[in-house]
Amino acid sequence: MIGVGYFWAINRSYDATYRVQDFTDRGFAHHLDFRGKPREGTDFDAIFYGVQDRGLKQDGGSLRKEGGSSLYVVGKSDMGHGFTARGMINYITTFRFRQALPNPITKW
């Protein structure tokens, strides 16, 4: 495996990190993490992870592709007067993708 990444401090409130990894047997994995704190008491984190799978060679010579992508977003905001708003999105394209390939959100 070989990989490279880039961190960008967009401004004082937002930043982004992008990493790409080449799993020589399987394909390219892309990881994008976007974080922000738009105002005092409000912050969010959005992570996109996707794999362009070349496929796993089967006994019959065919390839079984298990690529896909996931999106994980979490955020919270202090609404004042003791109230807090929270939200979360956790989406995957296929269950096969979750079972076959590592998920950086839970593994790291």
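Biologist: Which residue in β4 is the bridge partner of Phe34?

Modeller: That's Ala46. Before we go on, this is a predicted model, where local features need pLDDT of at least 70, side-chain atom pairs count only at pLDDT 80 or more, and totals for chains, interfaces and linings use all residues. Residues are numbered from 1 along each chain as its sequence is written, and side-chain values use heavy atoms, with hydrogens and water left out.

Biologist: What makes β3 and β4 a strand pair?

Modeller: Strands are DSSP runs of E with at least two residues, numbered from the N terminus, and two of them pair if DSSP finds at least two bridges between them. Here 11 bridges join β3 (residues 27-39) to β4 (residues 42-53), so the rule of at least two is met. The two strands run antiparallel. They form a hairpin with two residues between them, and Gly41 in that turn has a positive phi of about 85°.

Biologist: How do you know that β4 and β7 pair as well?

Modeller: Same test: 10 bridges in the antiparallel sense link β4 to β7 (residues 68-80). One residue to look at is Phe44, whose bridge partner in β7 is Gly75.

Biologist: Why is the pair of Tyr14 and Phe34 called stacked?

Modeller: Rings of Phe, Tyr and Trp (its six-membered ring) pair if their centres lie within 6.5 Å; planes under 30 degrees apart count as stacked, over 60 as edge-to-face and the rest as tilted. A search of the whole structure turns up four aromatic pairs. For Tyr14 and Phe34, the centres are 6.0 Å apart and the planes differ by 5°, so the pair passes the distance test and counts as stacked. Tyr14 sits in β2 (residues 14-23) and Phe34 in β3, so this pair ties together parts that are 20 residues apart in sequence.

Biologist: And why is the pair of Phe34 and Phe44 called tilted?

Modeller: Their ring centres are 5.6 Å apart and their planes stand at 45°, so the label is tilted. Phe34 in β3 and Phe44 in β4 are 10 residues apart. Through ring pairs, Tyr14, Phe34 and Phe44 are linked into a cluster.

Biologist: Are those rings buried or partly exposed, and what makes you say so?

Modeller: Buried means under 20% relative accessible area, exposed over 50%, and partly exposed in between (1.4 Å probe, protein chains only). Tyr14 comes out at 26%, Phe34 at 30% and Phe44 at 24%, so each one counts as partly exposed.

Biologist: What makes Asp22 and Arg54 a salt bridge?

Modeller: The rule asks for a side-chain nitrogen of Lys or Arg within 4 Å of a carboxyl oxygen of Asp or Glu. The closest N and O atoms of Asp22 and Arg54 are 3.2 Å apart, so the pair qualifies. Asp22 lies in β2 and Arg54 in the loop between β4 and β5 (56-57), so parts that are 32 residues apart in sequence are tied together. Asp22 has 17% relative accessibility and counts as buried, while Arg54, at 37%, is partly exposed. The count for the structure is six salt bridges.

Biologist: How do you know that Lys76 and Asp43 meet in a salt bridge?

Modeller: Their N to O distance is 3.2 Å, so it falls within the cut-off for a salt bridge. Lys76 in β7 and Asp43 in β4 are 33 residues apart. Lys76 is partly exposed at 33%, and so is Asp43 at 27%.

Biologist: Which residues are linked with Glu66 in a network of salt bridges?

Modeller: Arg26, Asp53 and Arg64 join Glu66 there. Between the side chains of Glu66 and Arg64, the N to O distance is 2.3 Å. Glu66 has a relative accessible area of 4%, so Glu66 is buried, whereas Arg64, at 35%, is partly exposed.

Biologist: Why is Asp53 called buried, and what does its side chain contact?

Modeller: Asp53, in β4, has 9% relative accessibility, so it counts as buried. A polar contact is a pair of N or O atoms within 3.5 Å; within protein, one must be able to donate a hydrogen and the other to accept it, and residues adjacent in sequence count only if both atoms are side-chain atoms. The side chain of Asp53 makes such a contact with the side chain of Arg26 at 2.9 Å. That same Asp53 side chain reaches the backbone nitrogen of Glu66 at 2.6 Å.

Definitions and conventions. Helix = DSSP H or I, 4+ residues; strand = E, 2+ residues; numbered from the N terminus.
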